[in-house]
Amino acid sequence: MAFCNVISICTWNRFNSSLFRHFGKSRVSGWRTLHHQACCARFDSRQTSSVESCVVLSRHISTLNKNSLRFTCQGEQKGGLNINNCGLHCSKTCLQENVVRATQQTEQDLDTKMREDKEKAEIVYSLDENSSGEKARIQESLDDASLRSSCSELSERSTGDTETCSTEDSSSPSSTPLTAETVDKFLVNFFDDMQVKRAARENGLSNALFKRIFQEFKRKIILQVEDGNKEMLKLFSSSYYNANYMQQLFPLFMTYAQKVHPMLNSIAEVKKISDLRGPTDLFPEARAMKRKIIFHAGPTNSGKTHAAIQRFHAAYSGIYCGPLRLLATEVFRRTNNVGVPCDLLTGEDRQWAVSPDDPSNHISCTVEMCLTKRPFDCAVIDEIQMMRDTERGWAWSRALLGLLCAEIHVCGESSAINLVERLVSSCNDELEIRHYERLCPLEISQRSLDGNFKSIRAGDCVVAFSQWDLYQVRRQIERQTDKKCAIIYGSLPPATKLEQAMKFNDPTDECSVLVSSDAIGMGLNLNIRRIVFSSLRKFDGNSMAPLTSSQAKQIAGRAGRYGSAHSKGEVTTVSKYDSKSLKRLMKEPIEDVKAAGLAPSMEQIEMLAQQLPGASLLKLYEMFETVVQLDGANYFMCDLADPKSIARKLRGIPLPISDQYVFSTAPISVKKSIIIDLARKFAECLSKDSPITASKLETFLIWPRQAPRTLDQLKNLETLHEGLDLYLWLSYRYPQIFVDTENVCKMQEDLESIIGETVSSSTFGASTFSLQSRKSRKRRFHDANLIKWMNYQKF
């Protein structure tokens, strides 16, 4: 009899609905037959033994499923019902009465946890700031009448199933009225169901949006159940005791979601717009021509880019696409120096070999600015492995897939060969691979610098990964040796970087040592004899992380330069503890580039805006991320965190979506509040058609600026230079608003002069480092003295 009680509890309490869902709708009648026939007729312990009962139950259950359904009880004794190929196996403890008590206690614990989760969800629930006014729409868009009508329609659809359930189980617990707590538990199971979440994503609901709408949906449902909504109770009565609860409840949920978010009604068209499974089809003109891709694969200082540039010079027309403004500028100057007229095209700068009215046949540009509508005879895409970059990878993918060029030269690491082969094959283009080796040897030193800089020699480059470390290393080198140092890092203005590089390369200049970040990895030609790593860890945007093999080899490869005074390169570390790690990184093969980045274009965003009128740019980005479809084997979606952050800051400014998109793609650092505030002011002026002159810009920036005395003041100047770059970047897109480029360029030159003089000064930062040293000397105890003192005090 105890066993029969266990089966009854499993049937009509916690396992009832889960068994229906587990076995499927078609197996529901089988489970009911099992319960009525087996339990009521055969499981009476007065008529038959428990062994015979197990045999009967085995015969019924073994036909339902091959998996196991287990439950446990508290205490030392545990029991389980295992449904497998061999039927049902029941341990002796299953027949104990404590199983029933344990199961009932588990039910109470689950009910308590559900109530606690419900209270937490109602407290924590709040609408994301991304959708201003969304909470009001959720509260007001659907009143009780709308939910009642939707519920009534769904109830009518399931009348047949409900009547069947009621006739078969008229005496069962399913006829008991449902409570708000039971409905709450059922809705939580609905929310956790993976099939429901998958269907929600297919209908355009991101995980965050699905959770947000569900919380309010659940609250309204429970309120109506508590108010005695008969249609709602009827629907849940038929759903709770049925396997097709998703088919009955999910349409009601989507009806609610579509009224809260009308954009969900256009989900089919939105999916078509966001379909990136065939990105090659986005460039029909390129697909109409037969292209030849020549991959120049090799390490740094192997001459691969030089060979491609030579072909670029020889062609009648051509375009060079580089990763940095410095590289584009260098190719621009080198091409004009050999007598081939070439124009410069970057986000912040335009220079013409002749004049704007007479453009040249050759263009040197940054990869984001490459032209996919103009045909060329020859193209060069440099650093093709950057397709894997999570923020900028889309630009290399666009250039490779969309350039209208019969001959395209791509240069980069051999780790990108496999991916380029797959992409070229999808374009039906021809691929040729040329391998290169280093032109000069690179030796890994067996000895480090043993923690000091006394052995630093002329031509050395010490690499550090933070601005503070860079200036501290320079100060230590100039204290411990008689050598002067040039300094280069990423946030310096490009003109200052070039100035410092020229000082280091000039044998007559006093700066014979270079202190640099990983900015030397690409973009600058430097005569470096030896690379010295001060650390093998760098900040990756979230935390300190070790260098990858690709990063270490890219930096170390700058040592030694063919045709220079240093025909042999060397690499080592400051600390002896990093020496083994460096050797391991240099021997490790570079991990293959798995996929290329993609991002939504302006055309796609504008098409989405037509389908979803009234949606903000932030909403459009989120919708695109939610429904985008990709060829996961070859492509990935680039991180849109920065564009979305800018779009969030632009909310409330009456600008067309196209203009908001332009601002969101501006090359600025979203972590610098000064730049974000300046971008918002620019957007406000654009919305009002108010021109921005240099004098007006000075009021935004609190101009003029004085020479910095601390690192923080220097960082502020570098940020202001970035703000002036943003002005020039926008001036080429909105010349009627950003009208004073000439005076802004003079402001930028003045700022570059101040920054250049500051970083060239050996005394800069001395007061800051001295203050830090004095603070460190104020410590009362060193470690050894502290131990002695604690022992004396008997701690």
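In the predicted model, the axes of helix α28 (residues 673-687) and helix α29 (residues 694-701) come within 11 Å and cross at roughly 140°. Because angles over 145 degrees count as roughly antiparallel and this crossing does not reach that bound, α28 is classed as oblique to α29. The crossing of α28 and α29 is right-handed. Two packed helices are described by the angle between their axes and the distance between the axes.

Empty space within the model was examined next. Rolling a probe the size of a water molecule over the atoms shows where such space is left. The count comes to 4 cavities of 30 Å³ or more, and the second largest cavity has a volume of about 60 Å³. This second largest cavity is lined by Leu-282, Phe-283, Pro-284, Glu-285, Ala-286, Thr-372, Lys-373, Gly-402 and Leu-404. Helix α15 (residues 284-287) supplies the largest share of that lining, with 3 residues, and by class the lining divides into 5 nonpolar, 2 polar and 2 charged residues.

Among the pockets, the second largest has a volume of about 990 Å³. Its lining comprises 43 residues, of which Pro-299, Thr-300, Asn-301, Ser-302 and Lys-304 lie nearest the centre of the pocket. The elements that contribute two or more residues to the lining of this pocket are α16 (304-314), α17 (325-337) and α22 (549-556). Domain 2 (291-435) and domain 3 (446-587) each provide at least three residues to the lining of the second largest pocket, and the lining is made up, by class, of 15 nonpolar, 16 polar and 12 charged residues.

Note on methods: Residues numbered from 1 in each chain as written. Predicted model: local features only at pLDDT ≥ 70, side-chain atom pairs only at ≥ 80, totals over all residues. Heavy atoms only, no water. 1 Å grid on protein atoms, 1.4 Å probe; cavity = no way out; pocket = protein on both sides within 12 Å on 5 of 7 lines; lining within 4 Å. Points joined across faces, edges and corners; volume = space filled by probe spheres on them. Helix = DSSP H or I, 4+ residues; strand = E, 2+ residues; numbered from the N terminus. Nonpolar A, V, L, I, M, F, W, Y, C, P; charged D, E, K, R; others polar. Domains from an automatic or database assignment. Axes fitted to C-alpha atoms, helices over the stretch in contact; angles between N-to-C directions. Parallel < 35°, antiparallel > 145°, perpendicular 65-115°, else oblique. Left-handed = near helix turned anticlockwise from the far one by under 90°.
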